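This report describes how strands and helices are arranged in one predicted model. Please read it with the structure open alongside.

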Amino acid sequence: MSPSEPRVTVIEDDADIAFTIRVNLEREGYAVTAYQNGHEGLLAVQQGGVDFLILDLNLPDLDGFTICRELRRHPTTAKLPILMLTA
């Protein structure tokens, strides 16, 4: 990963969807990290180093709305761009 690559985090429990998103974003020059667990993904985003979040709404452990609300409550992640997905 080069320093100029935008860093995208994907929180998506469907492995096939996460893989498809990852492959296509990496092909376009993004550095992608994916999590299938809402709690792990939330913690990773809160630690920083993310430019954009792609967030599934229907996660089994912690829904996307809850993750989004938690990120918006904190100044360090309040303005993080989030694209929400749902099947």
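## The sheet

In this predicted model, four strands form an open sheet in the order β2-β1-β3-β4, and their pairing is parallel. The edges are occupied by β2 (31–35) and β4 (82–85), each of which pairs on one side only. On average, and with direction ignored, neighbouring strands of this sheet are turned by 15° against each other.

Within the sheet, strand β1 (residues 7–11) runs parallel to strand β3 (residues 52–56), and four bridges join the two. For T9, the bridge partner in β3 is L53.

## Helices on the sheet

Helix α2 (residues 38–46) lies across β1, β2 and β3, and its direction runs at about 160° to β1. Helix α3 (residues 64–73) also packs on the sheet, where it touches β3 and β4, and its direction makes about 170° with that of β4.

## The contact between α2 and α3

The axes of α2 and α3 come within 11 Å and cross at roughly 20°. Angles under 35 degrees count as roughly parallel, and α2 and α3 are therefore roughly parallel to each other. The crossing in which α2 passes α3 is right-handed.

Which residues of α2 and α3 meet? On the α2 side they are G38, L42, V45 and Q46, and these meet I67, E70 and L71 in α3. The residues of this contact of α2 with α3 divide into four nonpolar, two polar and one charged.

Definitions and conventions
Residues are numbered from 1 along each chain as its sequence is written. This is a predicted model: local features need pLDDT of at least 70, side-chain atom pairs count only at pLDDT 80 or more; totals for chains, interfaces and linings use all residues. Side-chain values use heavy atoms; hydrogens and water are left out. Two strands pair if DSSP finds at least two bridges between them. Axes are lines fitted to C-alpha atoms, for helices over the stretch in contact, and angles run from 0 to 180 degrees between N-to-C directions. Contact means heavy atoms within 4.5 Å. Angles under 35 degrees count as roughly parallel, over 145 as roughly antiparallel, 65 to 115 as roughly perpendicular and the rest as oblique. A crossing is left-handed if the near helix is turned anticlockwise from the far one by less than a right angle, and right-handed if clockwise. Ala, Val, Leu, Ile, Met, Phe, Trp, Tyr, Cys and Pro count as nonpolar, Asp, Glu, Lys and Arg as charged, and the others, Gly among them, as polar.
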